[in-house]
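Thanks for joining, everyone. I would like to walk you through one model this morning, so please have the sequence and the structure open as I bring them up.

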Amino acid sequence: MGLLTIGAFAKASRLSPKALRLYDELGLLAPARVDPVTGYRLYAPEQLDQARLVAWLRRIGMPLARIQYVCTLEAGPAAREVRAYWAAVEADTAARRDLATFLIDQLTWKDPLMTATAQPLGIRYAALSDTGLVRESNQDTAYAGSRLLAVADGFGSAGAPASAAAVDALKRLETESVPAGDLLDVLEDAVEQAGRAVRGVAGAGAWPKGAGTTLTAMLWTGSRLALVHIGDSRVYLLRDGELFQITHDHTLVQSMIDEGRLTPEEAASHPQRSLLVRGLGEGADGTPELRLQDALSGDRYLLCSDGLSTVVPTEEIRRVLSETGEPDRAVRELIALANESGGPDNVSCVVADVVELAQCTYRNV
Ligand code: MN
């Protein structure tokens, strides 16, 4: 078969002649021949595969420079490159979705119709961390103060100082006054600082083999709770007797569940169930999930490390949170339950109640 005119080639490849001329100029797809007299571009039928590939890569939004690179690769490496590109797009979208949710919440809160109903609220809280029955040392850090609630689960050779450094970096939020409009910037700065602090103590070993930590924290703003979450520690909300897990685990198995490649039951016994896809540490993706939570009087929050959620069934957690009065009793009972289930991991719990300001007593175990 002979060479095709640009019109015929455009039709066969479903690209417009205009796009073909652009791809030629960008070096993505040069015509097989350019007529020296007329300047017409002529294409070989064998170029159709590449033209179609370029068209589809454009459709998934890949930048031209990257398409150029993919076109130089064999099929196998090209597939890996497309997969890597798409994983980055999805991670970016997830991060922007979190930000969008945060902004919607914040703007909704600024709406005068919303604030008119606000009542003076406070939190009472307790934090407790335990080594468990199997591990030699406790690499978790749990903290509760009048404004900051935090759980960090350290791992690797310097896991304990890593989790402590992450939480310490957030503690300045306890005393700093944060104007509502600055909340997002302040949280972002605090997480960046926490990341630097963790890399400072974690040493040379790159994540995931080196040291690092999860970080799940809530900041009480006086009317709402801002959530920052990286890793597989969790936040649960008990509201009207029902328990909701409000964080998403940043683990390999959770991503596989989300993609429909694994059932939650299979994930529970998966050999790589503790493998994190986000965390704080050298080389880790430390993008936080961010959220603003409405505070309603009577709400009870639980922040916990996976040492609790892995071994204690959700229904048991719900029962203890519903039936136990004071936060310090609730954290003790939850940790006792984890240890009754073998205590295979360090376990940390922070419980915070949203109460009307009059009944507020601060407490830290
Ligand atoms: Mn753990």
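Before I come to the sheet, one definition: two strands count as paired if DSSP finds at least two bridges between them. What we are looking at is a predicted model, and everything I say should be heard with that in mind.

With that criterion, three strands form an open sheet in the order β1-β3-β2, and the pairing is antiparallel. The edges are taken by β1 (4-5) and β2 (33-34), each of which has a single partner strand, so one side of each is left without a neighbour in the sheet. Between β1 and β3, which covers residues 41-43, the antiparallel pairing runs over two bridges, and in β3 it is Leu42 that serves as the bridge partner of Thr5.

Next, helix α3, residues 48-59. How far apart are its end C-alpha atoms? They are 16 Å apart, which agrees with the 16 Å that its 12 residues should span at 1.5 Å a residue. Within α3, the residues Leu48, Ala51, Val54, Ala55 and Leu57 are buried, and just after the helix Gly61 takes a positive phi of about 85°.

Finally, let me turn to Thr213, which sits in strand β7, residues 212-213. Is Thr213 buried or exposed? Thr213 is buried, with a relative accessible area of 0%. Its side chain reaches the backbone oxygen of Asp153 at 3.3 Å, and, leaving aside residues up to four places away in sequence, Thr213 touches a set of residues including Ala152, Phe155, Ala166, Val198 and Leu280.

How values were computed. Residues numbered from 1 in each chain as written. Predicted model: local features only at pLDDT ≥ 70, side-chain atom pairs only at ≥ 80, totals over all residues. Heavy atoms only, no water. Helix = DSSP H or I, 4+ residues; strand = E, 2+ residues; numbered from the N terminus. Expected span 1.5 Å × (residues − 1). Buried < 20%, exposed > 50% of the residue type's maximum accessible area, 1.4 Å probe, protein only. Polar contact = N/O pair within 3.5 Å; in protein donor to acceptor, adjacent residues only side chain to side chain. Contact = heavy atoms within 4.5 Å.
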